[in-house]
Amino acid sequence: MVLEKYKQKRNFDSTPEPAGDLKLAAERAKKAKPEKGLFFCVQKHLASHLHYDFRLEYNGVLLSWAVPKGPSLDPKTKRLAMHVEDHPIEYGTFEGVIPSGYGAGIVMLWDQGTWTPESEDVGAALKKGDLKFTLDGYKLKGSWVLVRTGGYGGSRGGDSRSWLLIKHRDDWAGDVDIIEFAPLSVKSGGAFEDILAADNPDVWVSNRPAEGGAAGEMLATIIERAAALKAGRAVDRKSAAKSDTVTPKRKAAAAKPSKPATTRTAKKPATTTAAKPRQSAKKARA
């Protein structure tokens, strides 16, 4: 069943993630034209560990891989990409806070755009474990490949969840660390603390998705920054509301009739003289 694993892992009464419309998935699958480009996105996800979810639209859903270290533009760098459950197409624009349960953490829409397969038969390429494609996103562009490895209980041509995400050599390849160079959201333009501040940072003060290690340390800092951002906004709103409040003194002043203005003879407006035209610039020498 389409999206079965995705739905089994989530309680949609408590998560803001989209449940997924099966009818929409079927319609997308019929209308999709791979040769003209399909949707792709990368979501930066701070949960128990920081990772990047790489998603490619195919057959009406988003094929998904969790990339722990994120994509690299260096062809010599092979990034581990763990194949996970398919996600609904609506997930491609999701950004926000998952407060509890599976995947609890902060999700940022780090990149999005279109992808075009370099193989005529995408299904066969996936089955073989060698999918070549071109990306046209805000941050990721050019030719790439996903290659299945024999790790984690499977052979390369079998059902192994372990893949490698590799950048091909082209004009878009290089040694720039794109993760460090472009860390912010393409949707909101903010960092993790901005996304959390827009929600409810207090929800994790006593119950954090990541407690220890690098992710826990990062999350503690983000919660602190988000709380400060939200507190700052609250103070700004309070100050604005206070300035608009009608105090007894203001009310009395407003009710007190003002003195009639004394009539004065209007001054005769000064005649304006046109500014003398500037002398023309000397002709440039030939």
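Val145 stands opposite Ile166 of strand E9, and that pairing is a handy way into this predicted model. Strand E8, which covers residues 141-148, is joined to E9 by 5 bridges, with the two strands running antiparallel. E9 itself spans residues 162-167 and is mostly covered, since 5 of its 6 residues come out as buried.

E9 also has E4 as a partner: the two pair in the antiparallel sense, this time over 4 bridges. Two of the matched positions can be named. Leu80 sits across from Leu164 of E9, while Arg79 has Leu165 as its bridge partner in that strand. E4 runs over residues 79-88, and it pairs with E3 as well, a strand made up of residues 61-67. That E3–E4 pairing is again antiparallel and is built on 5 bridges. Within it, Ser64 is matched with Val84 of E4. Taken strand by strand, then, E8 pairs with E9, E9 with E4, and E4 with E3.

Back on E4, Glu85 is worth a longer look. This residue lies in the strand and has a relative accessible area of 7%, so Glu85 counts as buried, the cut-off being under 20%. Ser64 turns up again here: its C-alpha atom is 6.4 Å from that of Glu85, although the two residues are 21 apart along the chain. Ser64 is also among the residues that Glu85 touches once anything up to four places away in sequence is set aside; the others are Lys5, Tyr6, Lys9, Arg10 and Tyr102.

Two of those neighbours make polar contacts with the Glu85 side chain. One is Lys9, whose side chain is reached at 3.2 Å. The other is Arg10, where the side-chain contact comes in at 3.3 Å. Glu85, Lys9 and Arg10 also belong to a network of salt bridges, together with Glu17. So a residue that is buried at 7% relative accessible area is nonetheless part of a charged cluster, with Lys9, Arg10 and Glu17 linked to it.

Across the whole structure, the search turns up 9 salt bridges. A few of the pairs can be described alongside how covered their residues are. Asp53 and Arg55 form one, with their closest N and O atoms 3.3 Å apart. Asp53 has a relative accessible area of 7% and is therefore buried, and Arg55 is buried too, at 2%.

Another salt bridge brings together the side chains of Asp130 and Lys132, at an N to O distance of 3.2 Å. Here the two ends fall into separate categories: Asp130 is buried at 15% relative accessible area, whereas Lys132 has 31% and so counts as partly exposed.

The side chains of Lys167 and Asp170 likewise meet in a salt bridge, with 2.7 Å from N to O. Lys167 falls within the residue range of E9 and has a relative accessibility of just 1%, so this lysine counts as buried. Asp170, by contrast, is partly exposed at 29%. The strand that opened this account, paired with E8 and with E4, thus includes residue 167, whose side chain takes part in the salt bridge to Asp170.

Conventions: Residues numbered from 1 in each chain as written. Predicted model: local features only at pLDDT ≥ 70, side-chain atom pairs only at ≥ 80, totals over all residues. Heavy atoms only, no water. Buried < 20%, exposed > 50% of the residue type's maximum accessible area, 1.4 Å probe, protein only. Contact = heavy atoms within 4.5 Å. Polar contact = N/O pair within 3.5 Å; in protein donor to acceptor, adjacent residues only side chain to side chain. Pairing = 2+ DSSP bridges. Salt bridge = Lys/Arg side-chain N within 4 Å of Asp/Glu carboxyl O.
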